[in-house]
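Welcome! Take a moment to look over the sequence and the model, then try each exercise before reading its solution.

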Amino acid sequence: MAASTGVTPEWIERKTGILERRYAEDDQAASDLAAEAGRRALQNAGVGPAELSWIIVATSTPDQPQPPTAAVVQRLLGADRAAAFDVNAVCAGFVVALRAGASMTLEDGRHGGRALVIGSDVYSRIVDPSDRRTAPLFGDGAGAVVLGPVAEAGGLLGGSVATDSRLLDLIGITAGGSRQPSSTDTLARGEHYFRMRGREVRDYVTRELPRAVHDLLTDLSVPPEEIRHFIPHQANGAMLRDIWGHLGLPHAHLHMPVARHGNTGAASIPIALDHAHRSGRLAAGELVLLAGFGGGMTMGTSLISWGNR
């Protein structure tokens, strides 16, 4: 990685806090990773594919422009009764998809409706391997959760999503859409690669993340002292450590497996949530705060009262 980007391993570790990242096999796409994460989530929840009403895949690296990757996942899982669609809010996608899934399962609650919400991204296909601003950051991965009725008080307590489209140019891929279709010229200029203005993205997160956390907890009348776990989008370990002290969550544990996986886009929050769950650190009734941020620019938060499962 250091050799291909013209930097040293020490530079990567110091700037990103990332030690490892994982890439999909050449024959694997976002749907393959998503389906595997979905299978594991369903098994862990004790839910069969036939019980799903919705499959929502958050991704900005879909298998192809059409049909939605979620439809491919539906077929791979055999979840024939589930409606399926994608959400693209870049790295904020999982929190946005979670909010959509929660609303839908709430509507279906009388019938026991369940949703499978997946974040899956294969950034190795869209990152310029020679770009030191992006290549050291990103890896591939997928994570999933099952949403459904809960017997006890708790579950998803609330969330928020906001987009500041004045900052559209901070993150994106120029070519490949209906405004600028891919051509030999766009390929020669590298316009099919993901680009990010990292310093300005960092400024946005530093400014808006503390505000989003404060506003959500205020709206829900939850004192910051009651939050026990904070699971953010795993964008950059160095940035997260710098921002952590400004969030005002004195009793919360910051979960940050970014060193092992890198930035996996919409997959990073569910992967980090899985790490936290399997570590045994999440106790029943504890409040878990999720926060995602990504291109658009979009900021999303969700507050969970952790259950027994």
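Below are three exercises on this structure, each with a worked solution.

This is a predicted model, in which local features need pLDDT of at least 70 and side-chain atom pairs count only at pLDDT 80 or more, while totals for chains, interfaces and linings use all residues. Residues are numbered from 1 along each chain as its sequence is written, and side-chain values use heavy atoms, leaving out hydrogens and water.

**Exercise 1. Work out the strand order of the open sheet of four strands, and find its edges.**

Step 1: Helices (H or I, at least four residues) and strands (E, at least two) are DSSP runs, numbered from the N terminus. Two strands pair if DSSP finds at least two bridges between them.

Step 2: Reading across the open sheet gives β2-β1-β3-β4, with mixed pairing.

Step 3: The edges are β2 (83-87) and β4 (140-147), since each of them pairs on one side only.

Step 4: Now zoom in on one pair. β1 (residues 52-58) runs parallel to β2, and five bridges join them. Val57 sits opposite Asp86 in β2.

**Exercise 2. Find which strands helix α5 and helix α10 lie across.**

Step 1: Contact means heavy atoms within 4.5 Å. Axes are lines fitted to C-alpha atoms, for helices over the stretch in contact, and angles run from 0 to 180 degrees between N-to-C directions.

Step 2: Helix α5 (residues 93-107) lies across β1, β2, β3 (114-122) and β4, at about 165° to β3.

Step 3: Helix α10 (residues 268-279) lies across β3 and β4, and its angle to β4 is about 70°.

**Exercise 3. Describe how domain 1 and domain 2 meet.**

Step 1: Locate the parts. An automatic or database domain assignment sets the bounds, giving domain 1 (7-151) and domain 2 (154-304). Their contact takes 45 residues from domain 1 and 43 residues from domain 2.

Step 2: Look at the area. Buried area is the accessible area (1.4 Å probe) that two parts lose on being put together, summed over both. Here the two domains bury about 3100 Å² between them, 64% of it on carbon and sulfur atoms. On the domain 1 side, Cys91, Val95 and Ile126 lose the most area to domain 2, together 17% of what that side buries.

Step 3: Check the charges. A salt bridge is a side-chain nitrogen of Lys or Arg within 4 Å of a carboxyl oxygen of Asp or Glu. The rule finds two salt bridges across this interface. Separately, look at Arg195 and Asp131: they form a salt bridge, with the closest N and O atoms 3.3 Å apart.
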